[in-house]
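Biologist: Could you walk me through one part of this model in some detail? I'd like a close look at the sheet and whatever packs on it.

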Protein chains: 2
Amino acid sequence: MAVTIYDIAREANVGIGTVSRVLNNSPKVTTETRDKVVTVAKRLNYQPHAFAQALARKRSNTLSAIIPFFTNYFFIQVLQGVQETLAAVGYDLIIHGANTQEQLEEYLVRSMRKGRVDGTLLFSLELPDVFVENFIDKKNPLVLVDTFHPLFDSIRVDNVIGAKKATEHLISLGHTSIGMLNANLKSVRAKERLSSFKETMQLHGLDIHEEFIFNSTFTKNDGFSREAGYDAMIGLIRSGAKLPTAFFVSSDVQAIGMLAALRENQIRVPEDIAIVSFDDIEIAKFFDLTTMRQPMFEMGEIAVKKMLERIENPSAPISSTNFTPTLVVRSSCGANKNYIFSDSN
Amino acid sequence: MAVTIYDIAREANVGIGTVSRVLNNSPKVTTETRDKVVTVAKRLNYQPHAFAQALARKRSNTLSAIIPFFTNYFFIQVLQGVQETLAAVGYDLIIHGANTQEQLEEYLVRSMRKGRVDGTLLFSLELPDVFVENFIDKKNPLVLVDTFHPLFDSIRVDNVIGAKKATEHLISLGHTSIGMLNANLKSVRAKERLSSFKETMQLHGLDIHEEFIFNSTFTKNDGFSREAGYDAMIGLIRSGAKLPTAFFVSSDVQAIGMLAALRENQIRVPEDIAIVSFDDIEIAKFFDLTTMRQPMFEMGEIAVKKMLERIENPSAPISSTNFTPTLVVRSSCGANKNYIFSDSN
DNA sequence: TAAGTTTCTGAAAGCCCTTCCATAGAACCG
DNA sequence: CGGTTCTATGGAAGGGCTTTCAGAAACTTA
């Protein structure tokens, strides 16, 4: 029914081995035979059967990506880096959106099915202990992005330096009363950003007002959400407390929610409250947020490259790379009085 | 090396056929034998080899999705519907981000490789003629989302009704001088929205001011971009012309760009200019945009269901379904004076 | 109890490819 | 020109599974 190499072999009067060699550009075929085979293959509109190839080659040229919170802008951009890099080398990408622990585990199991994928990329989710051994035993390449485990390759953003830079930027603008609007401490990112914020404040001899530090109790997206930011800010305003003059916010989406709360209460940004957030997701510029940029596209790119190296050389030493986020100054911090809305940012 | 059904068969003292039957829940196996096999399979931590299964079953349980402009919020949400529906039935999804015509064609070719995928989902891109025949010949299921071809199943949003509803909403608020900020007419969506806008204006006996109709010349994303909206609005303001009191904008992202341009020029929304846009992407609510909601998640869901039906029954009649967008009233249109920022929208 | 059914099982065939091995023939060498 | 080396080639084996087929075993029935 579908045309196979046997059909080509018959029509071209050669053996299937020769057809296969031609199709795989093996050098040991005469030009004459090659032409004959190529011609027939074209005429029959031959398409190789991907699974048969994968089975014979023991290679699927496919990766899977397990990603939490599918609509999250951070992941979308990392994913883009992954996709483009993969496309360039002819790999396919299977996407798994994991919103719960069960889903995560199911997808991990699926990714370990022999042969299905050559490797899996895990984003921002902690690798359950049970799987550690499993992945290692089965020699199933695993690369972690925005999460960490000593036994696997990983790519992360340096939250400590990022939070430090953000805080110091506010300090450099003269702020002394600085709060932090944080995500849920369940998340490692939130934890690291908070402790670095505190250290930086101390380093500069500034008081840490515990009442101005909000760790979200939201569990959805670990509190990295607009709602979390909105709620935290509304709560603070309602409390009637005197507000700090600046906030370090643990993500752009939270800052966006916070912005809405402030607007509703006629509190101006940056005049009354200056804000520096984290991520630089695409829409951060829509809101003129000063924020710590994570090189998302590049992270995806590097993740794929690491994976391909790992597949080539399974016993290479494990590597962990940290990206340093960079400060992107827009108008929410008050540094840039003449900020003009523009696309170059 | 990896454990196969042969290993299980040996250990359990049964034939491979029996192992396969147990693993596939075939009814004709005694409970006793079944238990024996299951026990051994568990003990050996057996994982079926996906490709070998696919090869034997002539089914891959995998779909591919070809999607333009990877970061576009519309697609992200449709994709989520696709992903979740697919996950529920144990299918995998391969993602192809096509930004150019060449990429589109390459991915279409790849999707047609025998066996690779059971079907492909094409989003918002016109199917090149060459492929029409090809897909039909090879009986390779293809479902179109947000695009159309008479020979394939498709799912679309009714742009005509959507634009009509949007325009009539502005009219109902008393506006008589209404402009349209449109995307590039190259795109079918832009074309349909424009002509429906015009018809609706005429229907209500209102003048169409051609000078207030802007068709973007941007090619990136066919002008469905923030930049396109920003540029168009800035251009109009600079021209010094008297502005209409309301605009129908062909997408949320354009409206967001337009909003920035207006803000820079101290033009208030909705007081000076009312806006109704199209899409209701997730961030539309961040900007309080009144907009036409497309049921994106559902579109993804239905697309998958159609695909699965098509796979089951390749000769079923071709179906084309149209979703009617619904008006979501927020504050940009001026209808809702007491609009409170809230998550229920 | 013999014949006829039904149920379960093992093994072979088949899915389509890559790769290894053996061989035929060409090319080379002294 | 016989013997050796090399190259191109055909075909079998193998990858791991599903499914068909035939036979064995268990069960009915008269």
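Modeller: Sure. One bit of vocabulary to start: two strands count as paired if DSSP finds at least two bridges between them. Keep in mind, too, that this is a predicted model. On that basis, chain B has an open sheet of six strands, and reading across it you get β7-β6-β8-β9-β10-β12, with mixed pairing. The edges are β7 (213-215) and β12 (326-328) of chain B; each has a single partner strand, so one side of each is left without a neighbour in the sheet. Going from one strand to the next, the twist averages 20°.

Now step inside the sheet. Strand β8 (residues 246-249) of chain B and strand β9 (residues 274-279) of chain B run parallel, and three bridges join them. If you want a spot to click on, try B:Phe248, which stands opposite B:Val276 in β9(B).

Then there are the helices. Helix α10 (residues 226-238) of chain B packs on the sheet, where it touches β6, β7 and β8 of chain B. The direction of α10 makes about 140° with that of β6(B). Helix α8 (residues 159-172) of chain B lies across another set of strands: β6 (178-182), β8, β9, β10 (290-293) and β12 of chain B. Relative to β9(B), helix α8 runs at about 165°. So to find your way around, begin at edge strand β7 of chain B, follow the order through β6 and β8 to β9, and look for α8 lying across β9.

Notes:
Residues are numbered from 1 along each chain as its sequence is written. Chains are lettered from A and ligands numbered from 1 in the order in which they are written. This is a predicted model: local features need pLDDT of at least 70, side-chain atom pairs count only at pLDDT 80 or more; totals for chains, interfaces and linings use all residues. Side-chain values use heavy atoms; hydrogens and water are left out. Helices (H or I, at least four residues) and strands (E, at least two) are DSSP runs, numbered from the N terminus. Axes are lines fitted to C-alpha atoms, for helices over the stretch in contact, and angles run from 0 to 180 degrees between N-to-C directions. Contact means heavy atoms within 4.5 Å.
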